[in-house]
Amino acid sequence: MAELPGYFEGHLIVAAVRVLEAQLRRPPNEEEIAGLLGWPPERVGLVTRGLEAAGVVRPVVHAFDARLEIVDHLGLEKLPRGDVKSSIASEMEEFGKRVQEEQEQIQRLFESGEADRQAKERIESLDKEFGRFQKKRPRNPFDES
């Protein structure tokens with residue numbers, strides 16, 4: 001089941017649908033709503049699916065497109081108010097923190113010179129291993145001396 005969007009986000013989507021209906025004289029699609037709001041289309045899709053689950057909007061599916069139509073604007077009053085974080089948003093936030101920590105760790109590694117030392121050690125160990133595998137030149141079988 002789709003997660004319910006926040007009260008503010010729901011109102012923004014419904015307002016965008018109304019503005020675009022007035023401008024275009026037809027129901028808008030998700031890309032047009034995203035363009036008006038300056039949001040990524042994925043975020044608009046996530047919020048509209050939540051609004052659809054709440055009975056606020058419904059998709060009008062055509063052969064090549066799906067557009068949004070407002071069904072019950074009063075359903076917006078049932079949406080949670082305040083700072084609503086979806087599980088996806090919290091996972092994205094966690095991922096961002098992990099990436100930031102890894103970047104800081106890599107930065108510290110390069111600043112300390114540890115990366116150069118490790119690279120030199122690796123090259124030296126490969127040289128030693130290669131030296132063990134090198135063989136003497138084979139004797140020339142056509143040498144008659």
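## Helix H3: span and burial

The expected span of a helix is 1.5 Å times one less than its number of residues. H3 has 13 residues, so it should span 18 Å, and its end C-alpha atoms are indeed 18 Å apart. The model is a predicted one. H3 covers residues 41-53.

Several residues of H3 are buried: Val-44, Gly-45, Val-47, Thr-48, Gly-50 and Leu-51. An α-helix has 3.6 residues a turn, so residues three or four places apart point the same way. The buried residues of H3 pack against helix H1 (7-24), helix H2 (30-37), S1 and strand S2 (66-70). Just after H3, Gly-55 has a positive phi of about 80 degrees.

## Overall layout

The chain holds five helices and two strands. Along the sequence they run α-α-α-β-β-α-α. Of the 145 residues in the chain, 20% are buried.

Take the contacts between residues at least 6 apart in sequence. Of these, 55% join residues at least 24 apart.

## Thr-48, a buried polar residue

Is Thr-48 of H3 buried or exposed? Thr-48 is buried, because its relative accessible area is 2%, which is under the 20% cut-off. The Thr-48 side chain reaches the backbone oxygen of Gly-45 at 3.0 Å.

Beyond four places in sequence, Thr-48 touches Ile-13, Glu-30, Val-57 and Leu-68.

## The nonpolar core

In soluble globular proteins, nonpolar side chains tend to be buried together. Here, the largest nonpolar core has 17 residues. Those with the most contacts inside this core are Ile-13, Val-17, Ile-33, Val-44, Leu-51, Val-56 and Leu-76. H1, H2, H3 and S2 each supply at least two of the core residues. H1 gives the most, with five.

Two of these core residues show how the parts meet. Val-44 contacts Ile-13, Glu-30, Ile-33, Ala-34 and Trp-39, leaving aside neighbours within four places in sequence. Leu-76 sits in the loop between S2 and helix H4 (87-112). Leu-76 is nonetheless buried, since its relative accessible area is 2%. Outside its own stretch of four places either way, Leu-76 touches Tyr-7, Gly-10, His-11, Val-14, Leu-51 and Val-56. Leu-76 and Ala-54 are 22 residues apart in sequence, but their C-alpha atoms are 8.2 Å apart.

## Charges and rings

How many aromatic pairs does a search of the whole structure find? The search finds zero. Rings do take part in other arrangements. The charged end of Arg-43 sits over the ring of Trp-39, 3.9 Å from its centre. Arg-81 lies over the face of Tyr-7, at 3.8 Å from the ring centre.

Arg-43 has a second partner. Its side chain forms a polar contact of 2.8 Å with the side chain of Glu-9. Glu-9 belongs to helix H1. Setting aside residues up to four places away in sequence, Glu-9 touches Trp-39, Arg-43 and Val-47.

## Around helix H2

Arg-25 lies in the loop between H1 and H2. Its phi is near 60 degrees, a positive value in a residue other than glycine. Arg-25 is exposed, because its relative accessibility is 71%, and over 50% counts as exposed.

At the start of H2, a side-chain oxygen of Asn-29 reaches to within 3.2 Å of the backbone nitrogen of Glu-31. Just after H2, Gly-38 takes a positive phi of about 75 degrees.

## Strand S1 and Val-60

Val-60 is part of strand S1 (residues 57-61). Val-60 counts as partly exposed, because its relative accessibility is 22%, and that class lies between the 20% and 50% limits.

Which residues does Val-60 touch, not counting those up to four places away in sequence? They are Asp-65, Ala-66, Arg-67 and Glu-69. Val-60 and Pro-27 are 33 residues apart in sequence, yet 8.3 Å apart in space from C-alpha to C-alpha.

Methods. Residues numbered from 1 in each chain as written. Predicted model: local features only at pLDDT ≥ 70, side-chain atom pairs only at ≥ 80, totals over all residues. Heavy atoms only, no water. Helix = DSSP H or I, 4+ residues; strand = E, 2+ residues; numbered from the N terminus. Buried < 20%, exposed > 50% of the residue type's maximum accessible area, 1.4 Å probe, protein only. Contact = heavy atoms within 4.5 Å. Polar contact = N/O pair within 3.5 Å; in protein donor to acceptor, adjacent residues only side chain to side chain. Core = buried A, V, L, I, M, F, W, Y, C linked by side-chain atoms within 4.5 Å. Phe/Tyr/Trp six-rings, centres within 6.5 Å; stacked < 30°, edge-to-face > 60°. Lys NZ or Arg CZ within 6 Å of the ring centre and 35° of its normal.
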